[in-house]
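Student: Could we go through this structure together? I'd like to know how the labels get decided.

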Amino acid sequence: MLRLYNSLTRKAENFVPVENKKVTIYVCGITPYDTTHLGHAFVYMSFDALIRYLQFRGYEVTYTQNVTDINDRDKDILQRAKEQNVSWCKLADYWTKKFLKDMRDLNWKMPNHYLKASENITEMIDLIERLIKNGFAYQKNGSVYLDISKKKDFGKLSGFNRKKMLEIAKNFDEDIDNPDKKDKLDITLWRSSSKNQPVHIPSFDSSFGKGRPGWHIECSAMSIKTLGEQIDPFDKLRVNGEHYRTIDIHGGGIDLIYPHHEAEIAQSEGATLKSPFVKYWMHVGTVYYKGEKMSKSLGNLVMVSDLLKKYSANAIRFLLLSKKREEKWEFEEKDLIKSEKQISLILKALKQKSKENRDNDKYIKKFISLMDNDIDTPRALKLMIDLAHKSETLPLKTIFSVLGFTL
Ligand SMILES: [Zn+2]
């Protein structure tokens, strides 16, 4: 039985999808204004291994990922567009293509739904209207905010206290000092366009006036649209109807737990009036480099495209899968050199003629037992090395392919 660590309940649980043998999964995507660094790759490769394993076990997986090509913030993509004097959509398009190339080079399985926030504005407006109607949101000066005091279980995913939330919200550019907010921690759902707004900032029409959606509502809307209320989404006659579907797995980097995922839960459950929005929450640890969290502001990014000039995609995948999903770790080039050597050993073993193998089932069972334990890829890789040493080509080939390595 597959067991997954659920960040919501903070324990490993038996994995039972809502529909038998069908799994819906949403992973928060990138804000496209720079290239893919190893931290991104760790998130997406961790979920790639999970998805490939679910498919190997016979599950039909529907996977959605978003592109945050617009949001309510003044920083990141919009600031970059202004600095470079290009439109936000051109900038987003350019970096999304770069990201997809990096991921393809790493043999990433493309999601079934890959959505741009800017192309799903209607769905976001619909959700915000439902939140207002249900009494979870309020309008002020053309903007709309989520009233967190109305969502009594706000904070259930992170378990953070108010002090910690305020500290993180400030770092996340959550506009906590906005006087229009009833509570500093209220979430921006719609940010009104200001007068004489520069052209690099997008603006859309809505029933609340011209503006743009908040970052967090984007993922609520795109996940519900593609994985939740799949039949006739946003048909207002069915707001509380039978068509709501809990999403099986929702994931992302561990730093998204608060405010992003906490906001997503409050928005989605507030709009649909159904709970839970998601059954299993899964998070991926942070990558460090030179003693600090890999981040743009610190300038210590290790880019996937640079690593691919020196190392094989298999070696990068091997390094990423040798780390436990939830844990933070430090990138050291010597580990990648070691991964390359291990991949060479495996590839050499795979070239050997497979011996008559009566133990194939035994090793595949072993692999399944490791992966069933919260997708324990570090131990699955150790099994691969062991099989390479023993020249057990047949099971090695199966595991190599299930984990997304290529010949
Ligand atoms: Zn998201």
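What follows is a chat about a predicted model.

Student: What makes β8 and β9 a pair?

Tutor: Two strands pair if there are at least two bridges between them. Strand β8 (residues 187-192) and β9 have three bridges, in the antiparallel sense, so they count as a pair. Within this pairing, tryptophan 190 sits opposite proline 213 in β9.

Student: Why is the sheet β6-β7-β8-β9 called open?

Tutor: Its four strands run in that order with antiparallel pairing. β6 (137-140) and β9 (211-213) are the edges: each has a single partner strand, so one side of each has no neighbour in the sheet. On average, neighbouring strands are turned by 20° against each other, ignoring direction.

Student: How do you know that leucine 146 touches Phe136?

Tutor: Contact means C-beta atoms within 7 Å, and Phe136 is on the list for leucine 146, so that cut-off is met. Others on the list include Leu131, Leu189 and Ala263. Leu146 is also among the residues with the most contacts inside the largest nonpolar core, which has 108 residues. Helix α1 (residues 38-56) gives the most to this core, twelve residues. The core also draws at least three residues from each of domain 1 (3-284) and domain 2 (288-402).

Student: What makes Leu396 in helix α13 buried?

Tutor: Buried takes 20 or more other C-beta atoms within 10 Å, and Leu396 is classed as buried, so it reaches that count. Thr393, Pro395, Ile399 and Phe400 are buried in α13 too. Seen down the axis, the buried residues of α13 fall within an arc of 165°, so they line one face. Their cover includes α10 (333-351), α11 (360-372) and α12 (377-389).

Methods:
Residues are numbered from 1 along each chain as its sequence is written. This is a predicted model: local features need pLDDT of at least 70, side-chain atom pairs count only at pLDDT 80 or more; totals for chains, interfaces and linings use all residues. Helices (H or I, at least four residues) and strands (E, at least two) are DSSP runs, numbered from the N terminus. Axes are lines fitted to C-alpha atoms, for helices over the stretch in contact, and angles run from 0 to 180 degrees between N-to-C directions. A nonpolar core is a set of buried Ala, Val, Leu, Ile, Met, Phe, Trp, Tyr and Cys residues joined through C-beta atoms within 7 Å. A residue is buried if 20 or more other C-beta atoms lie within 10 Å of its own, exposed if 12 or fewer, and partly exposed in between; C-beta atoms are placed from the backbone. Domain bounds come from an automatic or database domain assignment. Two residues are in contact if their C-beta atoms, placed from the backbone, lie within 7 Å. The arc is that of the directions from the helix axis to the C-beta atoms. Lists of a residue's contacts leave out its neighbours within four places in sequence.
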